[in-house]
Amino acid sequence: MQLENKWYIIALSTTLLFVPHLAYGLEITATPTVDSFGPNDFINILVEIDGILGGQMQWIAQMPDGSIDSGFLDNFKAKKKIHIITRNAFDNQFGTWTITYSAGDASETIPITVIPLILEITTDKQKYLPGDEAMITVTTNYYEPYSALAEQFFIKFHDSQNVLLDHMESYVIKASQPTTNLKFLINELLANYAFGQYKLVIQYYNTFADTTFEVPRDFFTTSIFVGTDKSTYNKGEIVELNLVIPKLLDSNAVVKITDPSGKITTRNLFIDVTLTRVFLDNVSTTLPGIYFIEIEYAGIEETSTFVVESEDSEPKTSNIEFLVSLDKQQYRPGEVLTANVNTASLIVDKITYWFEDPVGNKGMQIIIPMTSGTTSIPINIPNNALQGPWKMYVELGGDVEFAIFFVEGNPIEHTEIVATEEQTGPELLMTIEGDNVNLNEPYGIALDSNQDIYVVDSGNSEIKKFDSSGYLLNSWGTFGSDEGEFKNPIGIFIDSNFVHIADTGNSRIQTFDNDGTFIKSWGFSTIESQTLRNPVAISVDDSGIFYVADFNLNKIPKFDSEGNYSGHIESLLTASAKFSSSEFIVSHNNRDFFILDSNNNRVLQYRFDGNFIKFFGATGEDDGKFLDPSALAVDSIGNLYVADAGNHRIQVFNSKGKFVAKWGSLGTGAGEFNKITGIALDYLNNIYVVDSANNRIQKFAPFVTTSELKIPDWVRNNAKWWSQGTIDDNEFANGLQFMINEKIIVIPDLAESGQSFDQKIPEWIKSNAEWWADGQISDKEFASGIEYLVKQGIIRI
C-alpha cells in the first residue's frame, strides 16, 4: 500500500514537468504581408515560429510618434499566424513602426512602413479681383472610389489671424477621387468681410493642410472716370452724370455736388455695371458758375466739374441736336471701332472728333466731311493703346457730345481685324435673363423632342426646364450627394425617354424622366479603372451605348443602357490623336463623334469603334483657332459649332473641319458673351448659347436657310427606333407628317388622301428607314418612300 502511494506521487510530479508549452531554442520569423501599408490600412504580419507547442507570444509595437501598443498572440498550435493590428488614418501614425515579437528565449524585431496620408489644397490664383470665381483644388493619395464609403474633406475659411469666418459656407466633400475641384465667388467673401489675406483650411481624417490667398485693395489700382454728358449747362437744366469703373470693387458709390454757393448735395448710387449713367435730378442748377463733383467708391476718390452759364452769356452759334453711338462698349487693342453720328439738322458740312485716353490726355482733332444725317467713322485702335476707359468727343456746329468705351485685352494682329459689318452673327431671337429665373452659373443645355429647353443651373445645383418661348416650366435638384442632389453639375444629354446629368462633383451620371423624377445613377464601380472621376458631357451611339467625357481621364468610358461599364476608347499615343482629358463629346452621325481636347485647344474626331479620323484647331485667336473651348454642337447638315470661350465667340466648321463662320465678342450686349459654357441646336437649327458669366441664355436664328435643312436627327432617331419596333407606326407617321407640314421635306403635287393612319406600313419602308438612319441611303431616297406613304393615304397631308 505504501508502494502504491509513492508511485502516485512520482506520476504526479512527472505530469507537472510538462505544463509549460513554450520551449527554449525557438525561432521566430515575422513578415509584413505587403511592402508598405496604405494610410488607412490595417497592419497585417505573417508570424511564423518553430518549436512552439502552444501558449502565448507577446508583441510590442513602437509607433512613429514613439508611443507604444502591445498585446499577446494566443493559440500558437500551428506554426503560422496572421497578426492584425487594427488601425486607420485617424491615428496619424504614418511612417516607420517597429514591432517586436517574443516567446521564451526567442524574439524578432521588424520595421514596417505606413504610407503617409498626403493632403494638399491650392487655389488657381494667389490674388483675386472682386467678381472673380476662385477654383479650389484638393489632392490626396488616398481616396475611396465608391463615394458611399468614402471619408469626407472638411474645408473652412479663416482670416489672416486664423479666426474662422462664420459667414462663409464650409464645404463637405466626399474623398472619392485623387483630385477634387470646387469653386466659390470672391463677391460672396466680400459681402461680409474686408479686403485682405485669407486662409483655406482642410481636414481629412486627422490630417490638416492649408493655403492662403489674397483679395488686396492695392491690387486694384483701377482708374475711375467721372464726368457729365456735356461740360456746360443752361440754368435749370438737369445734369447727366457718367461714372466708369473698369473693375467693380463695391456695389455703392457716394456722389457729392457742391454748387457755387457752397451748398452740398449728396446722393448714393448703386453700382452693378462698369458704366453708370444717372440724371442728377436732385441737384439744383439755378446758380451760374462752377459745380464740383466728388465721387467716393471703395475707398477711391475722384473729382470733376461742370459749368452752369448765366443768362447773359454769349449765345451759342448753333444748337444742333445729334447723337454719338459706338458699335460696342469694349474693344481690344488693334480692333476697329465704328462710331455713328446721327442728326436731323444738316446745317453744317463737317465733323470734328478726338479722343481722350484713361489718364486724361487728349489726342489731335480730326475733321471729316458730313454729307448725310448719318455718318460712320471707322477707327483702328492702336496696338499700344492704354487699357481702360476712353472717351470719343464729337463736335458738330459748336456743340460737343461724347461716347465712352473700354480698351481691354490682348492686342489683335492685323490679320484679325475685320470690320464690324462683316462680324455680325445670326439674328438674336430670344434671351432668357438670369435675373428673371434665378440663373446662377448655368453650364450645359439640351432640348427634348418637344423643343423644351433644359439648362444645368450649376450655381444653384438645379436643372431648369423651359418651354420653347423661354417660360420656366419646372426645376429640380439641390446641393448634396443623395439621389436627385448635385455638386457642381456641368453636362446634360437628353434621349428619347430620359434626361441624363453629368453630376461632376459627385463623380456620377444621374438619370431622370422629363419631369425630374429620379430614375437611377451610374458611372461608379468597385473597380477604379471603370469609375468616372469628373464627368462633364455625355453622348450615345445608335446601339444605345453611352460615351462619357471626363476631364480627369485620358479615355472615353462607355456604358450600356443600364449604366454598366462596357469598355472605353483609349487616347492614342500619336501626337495628333492624343488627349489627356476631354471637356465635351458630341455625336456627329451614327458612325463617329467629336471630342473637345481643351488642354490642346483642338477638336478630335473618332469613330465609335475607337479609330481616329482627324483633328483640327490650335491655340490662338485666328479663325479656326481656340482659347479654352468649352462645348460642341452639330446641326442637321453636319456643321460643327464650337464654343470658343476664351475668345468669347462661337465658331462654325463644316463636316470636314473647315472654318465657315464666327460671331461674338466680350460684353453684355446682344450677341456678346462672357464665359460660354454650353451650346445646343433645335430641330430648325436655331442656336442656344449659355452665356454663363452674364447668367443668361441667348437664342440665335440658324446659320443655314430652310432650303438647306435636311431632316433633323430626332426624326432620324425615330426612324431607327421604328424600324426596330421600339415605337409604333402612328408615332413614326406623326413625326413624318410634322416634317411635311413644316415643309422641311417637300413632296409636291400630291392630292389629299382621306384614308386613315392605321394601315400597315410596308416592311420595305422599314428597311429604308433603318438604312437611312444608318446613313446608307440619302434623304432624297428616303423621301421617295415617304411619297409612297402619302400617295397610298397611309400618311395624310
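How many aromatic pairs does the count come to in this model? The exercises below start from that count.

The model is predicted: local features need pLDDT of at least 70, side-chain atom pairs count only at pLDDT 80 or more, and totals for chains, interfaces and linings use all residues. Residues are numbered from 1 along each chain as its sequence is written, and side-chain values use heavy atoms, with hydrogens and water left out.

**Exercise 1. Aromatic pairs**

Task: State the number of aromatic pairs, then describe the pair of tyrosine 547 and phenylalanine 593 and the pair of phenylalanine 653 and phenylalanine 659.

Solution.

Step 1. Take the rule: rings of Phe, Tyr and Trp (its six-membered ring) pair if their centres lie within 6.5 Å; planes under 30 degrees apart count as stacked, over 60 as edge-to-face and the rest as tilted. By this rule there are 36 aromatic pairs.

Step 2. The ring centres of tyrosine 547 and phenylalanine 593 are 5.6 Å apart and their planes are at 40 degrees, which makes the pair tilted. Tyrosine 547 belongs to strand β41 (residues 546–550) and phenylalanine 593 to strand β45 (residues 592–597); with their positions 46 residues apart in the numbering, the pair links distant parts of the chain. Strands here are DSSP runs (E, at least two residues), numbered from the N terminus.

Step 3. Tyrosine 547 and phenylalanine 593 are both buried. Buried means under 20% relative accessible area, exposed over 50%, and partly exposed in between (1.4 Å probe, protein chains only).

Step 4. For phenylalanine 653 and phenylalanine 659, the centres are 6.1 Å apart and the planes at 80 degrees, an edge-to-face pair. Phenylalanine 653 has a relative accessible area of 1% and is therefore buried. Phenylalanine 659 has 26% relative accessibility, so it counts as partly exposed.

**Exercise 2. Charges over rings**

Task: Which rings do lysine 391 and arginine 602 lie over?

Solution.

Step 1. The test is that NZ of Lys or CZ of Arg is within 6 Å of the ring centre and within 35 degrees of the ring normal.

Step 2. Lysine 391 lies over the face of phenylalanine 402, at 3.7 Å from the ring centre. Arginine 602 has its charged end over the ring of phenylalanine 615, at 5.0 Å from the centre.

**Exercise 3. An open sheet**

Task: Give the strand order of the four-stranded open sheet and place leucine 632 in it.

Solution.

Step 1. The order is β48-β49-β50-β51, and the pairing is antiparallel. Two strands pair if DSSP finds at least two bridges between them.

Step 2. β48 (631–634) and β51 (659–663) each have a single partner strand, so they stand at the edges, and one side of each has no neighbour in the sheet.

Step 3. β48 is joined to antiparallel strand β49 (residues 640–644) by four bridges. One bridge partner is alanine 643 in β49, which faces alanine 631.

Step 4. Leucine 632 lies in β48. Its relative accessibility is 1%, so leucine 632 counts as buried. Beyond its neighbours within four places in sequence, leucine 632 is in contact (heavy atoms within 4.5 Å) with residues including Phe584, Ile595, Val603, Leu640 and Ile679. Leucine 632 and isoleucine 595 are 37 residues apart in sequence, with 8.5 Å from C-alpha to C-alpha.

**Exercise 4. Strand β34 and its two partners**

Task: Is strand β34 mostly covered or exposed, and which strands pair with β34?

Solution.

Step 1. In β34 (residues 462–466), five of its five residues are buried, so by the cut-off for burial the strand is mostly covered. Glu462, Lys464 and Phe466 are on one side, Ile463 and Lys465 on the other, and both faces are covered.

Step 2. Strand β33 (residues 453–457) pairs with β34 in the antiparallel sense over five bridges, and aspartate 457 has glutamate 462 as bridge partner. The two strands form a hairpin with four residues between them, where serine 461 in the turn has a positive phi of about 55 degrees.

Step 3. On to the other partner: strand β35 (residues 472–476) runs antiparallel to β34 and is joined to it by four bridges. Isoleucine 463 stands opposite tryptophan 476 in β35. This hairpin has five residues between β34 and β35, and glycine 470 in the turn has a positive phi of about 90 degrees.
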